[in-house]
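Please open the model in your viewer with the sequence panel beside it, and follow the selections below in order.

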Amino acid sequence: MIRTVPITAVQAAVYKTLNKCLKGYPILDDSTPFEDGKPSASSFCVIGPISAVPDGSKTDAALWNCTITIDVYSDYCGKKIINQMLDEIVTVLTMMAESDALEIDKYNLICLNIELVEVHAEDWSDSRIWQHGSIRAGLKIEQQMI
């Protein structure tokens, strides 16, 4: 079977899902808020690095183990907002995966696991303290036969 790399499809599916289900802060798929040195909102989400490793356990199917990192930022002085954002994102991703509603173009989602959720404070050059949280999700996907 000829394999195609699922990175763009996974990014697009997560971006579309989060934008559809979450309100109140922008979902970004690049580093735009950092380019001019000033974030565009007081809270935002950035879809970060994605990796895809072929799973060679089956010869008659193209399976991939993907990892996606989602970073969230808030200038709220405590951890309340960042924790709420992390919880919302994890809830949306797991709910969509459980209901088979996370649509990945040309791939079937086999499972989605949350591998890590973390929060830490980050001091940015604009003399404000920004809370930063990260979610790392693992997806096992299968390429559809064309």
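Select Thr-8, Lys-16 and Lys-20 on helix 1, which are exposed (over 50% relative accessible area, with a 1.4 Å probe and protein chains only; buried is under 20%, partly exposed in between). Helices here are DSSP runs of H or I with at least four residues, and strands are runs of E with at least two, numbered from the N terminus. This is a predicted model, in which local features need pLDDT of at least 70 and side-chain atom pairs count only at pLDDT 80 or more, while totals for chains, interfaces and linings use all residues. Residues are numbered from 1 along each chain as its sequence is written, and side-chain values use heavy atoms, with hydrogens and water left out.

Turn next to the other side of helix 1, where the buried residues are Ala-9, Val-10, Ala-13, Val-14, Thr-17 and Leu-18. These residues lie on the same side of the helix because they cover an arc of only 150 degrees around the axis, taken from the directions from the helix axis to the C-beta atoms.

Now select Leu-18 with Ile-68, Ile-70 and Ile-89, the residues with the most contacts inside the largest nonpolar core, which has 33 residues (buried Ala, Val, Leu, Ile, Met, Phe, Trp, Tyr and Cys joined through side-chain atoms within 4.5 Å). Helix 3 gives the largest share of this core, 9 residues.

Centre on Ile-89 and show its contacts (heavy atoms within 4.5 Å): leaving aside residues up to four places away in sequence, Ile-89 touches Leu-18, Leu-22, Tyr-25, Cys-45, Ile-70, Val-72 and Ile-135.
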